[in-house]
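Please work through the exercises below with the sequence and the structure side by side, trying each task before reading its solution.

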Amino acid sequence: QHNTQLYTRTLHCIMKKRQKRTIIEKVRNYTLPILLFGIACYTTTGGIGLLHIASEKQLAYQNALNNFMTAPPGVMDQHTNTNTNDNDTINSVSSMAGDESSSSSSSYLTMFGAHKVPESLARLPRWLQEYIAWHAEQRKKPVSECKFLIIPCLYGNKCGGTSDRLRPLPYWLLLAKLTERVLIIKWDKPHDLHHFLIPPPGGLDWRSFPEIDQRVIRGRRYQRQNKFEFVHAGMACGDDVSLVDCTIDYVVPNIKNQTDPFVMVSMPGNQPHQTINDGNMFMQQFSYDDEMPEISQWGYAEMFSDIFRVMFEPVPALAQQINRTMASLGLREGEYTSTHVRARYPAANSPLDRKSRQKMDKDGGHFEFTGAMMKYAMRLSNNAIDCGYFLAPDDDLPVLFVSDSHHVANYWSSTGTKRVSKDVEVKVLAVSRTEEPLHIDRDDGWPGSKPIEFYSVFEDLLMMGGSKCVAHGIGSFGSFGAGLIGNKCRAIHRKHNGVAVKCPNDRSNRVMIPTDPMLMKLLMPEYVSQSGN
């Protein structure tokens, strides 16, 4: 009616000025076609309106995403992304997700998925198994009946790269258990985590939902997210108090006393790596009877492999990309070793000056594969490949070479082999790319980027997770790959200062330290009488 009146008034003015047409001609020539066009638009868009013609793709995405974000485990497998170009469209049921076909177009991966959840869950400590079951029941309830512990990485904050953000998961799970809250992971820098990883059916559904998303103030630091209660875990008590004492005396009581259903806890990803190690070893105190593995430098908890498989699998579009890549390289799970070189890491022995090293690591670029930088990268990668080979020298396995520099990876992709001894030449495989993998923690949050632009990061990581063995250097990304195979077979080929170390060496030796039984009695007395915690 509004449009009809608008055009009627407009044409009336024209008539008065020109006095050439009658009212009947105006209705016939102008108003009637406009009304017919409006009716057609209304029908096509399901009643959205004349001036807002929304595409079916947009509507389908919004409806599916709303359901996808709030669906409990067991429902999420009904929403599968089959768009191989980006991850912006979520479609319903894909027959490929559960198909054990080896087709390179399938989103089924042998390394991750629903089929991995039961065996991984069975290996976790009893208290964590019970928390995961409780978490699933809570996610079925209305949001108003639950309390949540939110692990954020938001624009405007430094929270580290992929590994720094996810390495503390054992500690966060313990904290969620002790505070009886539902663990939620919320990112918007550069994109939310569910654009890359989703919970497998039957696993722990950590995804955010609209009630949380709507409260996040973009660009605000954690402490200024005034719509959330905020607890700064790990650093709240100062440098003189251990993370264990701080957690027991401050963090847990503070969270328990919060009446707000949404409590945000800082991520320690940009803190010294030892803080994360302390948190993960604290979690291990409740997971081993007498002795537990020590975690040092950028190491992962041994049970992280199973935690990851209970919480994550790649989105179908990413899984399909991994399948295509592995098929093109001839890789099969457990039938190759991996080695990772962080060539752009700002190590002291890099040929670049300090300022260039720091900028290159996060922002990318500034890597000329010539002269001193080329010699430096080749020295590191030659040693890394040797270490990858010597982890399983009798198995005649190819070495998958992974690096944050596409220049170095492309070199080995084109070379194809490397002589590791006088009589042995090993097959070297690498993904050939035209651009370097992006570091997800750039300060500006990569404005205007799309999730697909970061797929290569997760592709490299998850392919390392299918290896028999992993060799890695400094930085925690390569260590993440070793963590995905439970640290069962790994080597460290660089020192903390960046200097290459020949293999074999003792840098990855497993060291056991005693647990403190008093912690279990204090915080989880109900499990004290049970063996096999």
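## Exercise 1: A residue between two elements

At 34% relative accessibility, Asp 516 counts as partly exposed. The model is a predicted one, and the first task is to place this residue in the chain and in space.

Task: State in which loop Asp 516 lies, and how many residues separate Asp 516 from Phe 286 in sequence.

Solution. Begin with the chain: Asp 516 sits in the loop that runs between strand 16 (512-514) and helix 18 (517-523). Next, check the exposure class: partly exposed covers the range between 20% and 50% relative accessible area, and the value of 34% puts Asp 516 in that class. Finally, turn to space: Asp 516 and Phe 286 are 230 residues apart in sequence, yet their C-alpha atoms are 9.0 Å apart. For the protein chain as a whole, among contacts between residues at least 6 apart in sequence, 71% join residues at least 24 apart.

## Exercise 2: The whole chain and its cores

Task: Find how many helices and strands the protein chain has, and name the residues with the most contacts inside the largest nonpolar core.

Solution. Start with the overall count, which is 18 helices and 16 strands. Of the 533 residues in the protein chain, 55% count as buried. In soluble globular proteins, nonpolar side chains tend to be buried together. Here the largest nonpolar core has 89 residues, and those with the most contacts inside it are Leu 183, Leu 197, Met 311 and Phe 312. Helix 7 gives the most to this core, with 8 residues. Apart from this core lies another one, of 24 residues, and among its members are Phe 369, Ala 377, Met 378 and Val 399. To see the surroundings of one residue, take Leu 183, whose partners, leaving aside residues up to four places away in sequence, include Tyr 131, Leu 149, Trp 172, Asp 205 and Met 311.

## Exercise 3: Helix 7 against helix 9

Task: Decide how helix 7 and helix 9 are oriented to each other, and list the residues of helix 7 that make the contact.

Solution. First take the geometry: the axes of helix 7 (residues 169-179) and helix 9 (residues 243-256) come within 10 Å and cross at roughly 45 degrees. An angle from 35 up to 65 degrees is neither roughly parallel nor roughly perpendicular, and helix 7 and helix 9 are therefore oblique to each other. The crossing of helix 7 over helix 9 is right-handed. On the side of helix 7 the contact is made by Tyr 171, Leu 175, Leu 178 and Thr 179, while helix 9 brings Leu 243, Thr 247, Val 251, Val 252, Ile 255 and Lys 256. Sorted by class, the residues of this contact are 7 nonpolar, 2 polar and 1 charged.

## Exercise 4: An enclosed helix and its neighbour

Task: Work out how many residues of helix 16 are buried, and at what angle helix 12 and helix 16 pack.

Solution. Consider helix 16 (residues 455-464) by itself: 10 of its 10 residues are buried, so helix 16 is largely enclosed by the rest of the structure. Those buried residues include Glu 459 and Asp 460 as well as Phe 458 and Leu 461. Now add helix 12 (residues 316-329), which packs with helix 16 at an angle of about 60 degrees, the axes being 10 Å apart. Helix 12 and helix 16 are therefore oblique to each other, and helix 12 passes helix 16 in a right-handed crossing. In this contact, Ala 317, Leu 318, Gln 321, Ile 322, Thr 325 and Met 326 of helix 12 meet Tyr 455, Ser 456, Phe 458, Glu 459, Leu 462 and Met 463 of helix 16. By class, the contact has 8 nonpolar, 3 polar and 1 charged residues.

## Exercise 5: Backbone exceptions

Task: Identify the bond type between Lys 189 and Pro 190, and decide whether Glu 180 is buried or exposed.

Solution. Most residues other than glycine have a negative phi, and most peptide bonds are trans. Lys 189 and Pro 190, however, are joined by a cis peptide bond with omega about -5 degrees, and Pro 190 is found in the loop between strand 4 (182-187) and strand 5 (197-198). The bond from Cys 503 to Pro 504 is also cis, with omega near 0 degrees. As for phi, Glu 180 has a positive value near 55 degrees, and Glu 180 is exposed, with a relative accessible area of 58%. Asn 487 likewise has a positive phi, near 60 degrees, but at 15% relative accessibility Asn 487 counts as buried.

Methods. Residues numbered from 1 in each chain as written. Predicted model: local features only at pLDDT ≥ 70, side-chain atom pairs only at ≥ 80, totals over all residues. Heavy atoms only, no water. Axes fitted to C-alpha atoms, helices over the stretch in contact; angles between N-to-C directions. Helix = DSSP H or I, 4+ residues; strand = E, 2+ residues; numbered from the N terminus. Parallel < 35°, antiparallel > 145°, perpendicular 65-115°, else oblique. Left-handed = near helix turned anticlockwise from the far one by under 90°. Contact = heavy atoms within 4.5 Å. Nonpolar A, V, L, I, M, F, W, Y, C, P; charged D, E, K, R; others polar. Core = buried A, V, L, I, M, F, W, Y, C linked by side-chain atoms within 4.5 Å. Buried < 20%, exposed > 50% of the residue type's maximum accessible area, 1.4 Å probe, protein only.
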